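This briefing introduces a structure to a reader who has not seen it before. Please look over the sequence and the model, then read the points below.

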Amino acid sequence: MQTALEEFFEVLTWAQLGEHQKPCGLPNVANFYDPLLAVFDHMTSTGFVREQHRHLVLVETVPQALIEAFASFKPSTTPKWINESQT
């Protein structure tokens, strides 16, 4: 049985592969996801994750604010991480 976090990363990976440009959201109530967000920031600063992909992770502490962030999200034009000729 897959966990919600595993599903979250799968959808985020699909975005990195160019399958979609939709954001993923984390309701960071009581700063629960702060350690995970620090890992995301570290992966971005070391080049493992592109800045454009890091911005696909929407984070709010209030559920209504997260819904509003989804509603106002504008995807950036990001090329695929790799294309078929590179596999």
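A residue is called buried when its relative accessible area is under 20% and exposed when that value is over 50%; anything in between is partly exposed. The model is predicted. Two parts are covered here: the residue H20 and the helix α2.

**H20 and its surroundings**
- H20 sits in the loop that connects α1 (4-16) to β1 (24-27).
- Its relative accessibility is 16%, and the cut-off for buried is under 20%, so H20 counts as buried.
- The side chain of H20 comes to 2.9 Å from the backbone oxygen of V11.
- A polar atom of the H20 side chain also lies 2.9 Å from the backbone nitrogen of K22.
- Leaving aside residues up to four places away in sequence, H20 touches V11, W14 and A15.

**Helix α2: length and end**
- Helix α2 has twelve residues (34-45), which at 1.5 Å a residue should span 16 Å.
- The end C-alpha atoms of α2 are 16 Å apart, in agreement with that expected span.
- G47 follows α2 and has a positive phi, near 85°.

**Helix α2: its two faces**
- The residues L36, L37, F40, M43 and T44 of α2 are buried.
- These residues cover an arc of only 115° around the axis, so they are on the same side of α2.
- The buried residues of α2 pack against α1, β1, α3 (51-54) and β2 (57-60).
- On the face of α2 turned away from the buried side are the exposed residues P35 and S45.

Conventions: Residues numbered from 1 in each chain as written. Predicted model: local features only at pLDDT ≥ 70, side-chain atom pairs only at ≥ 80, totals over all residues. Heavy atoms only, no water. Helix = DSSP H or I, 4+ residues; strand = E, 2+ residues; numbered from the N terminus. Buried < 20%, exposed > 50% of the residue type's maximum accessible area, 1.4 Å probe, protein only. Polar contact = N/O pair within 3.5 Å; in protein donor to acceptor, adjacent residues only side chain to side chain. Contact = heavy atoms within 4.5 Å. Expected span 1.5 Å × (residues − 1). Arc of directions from axis to C-beta.
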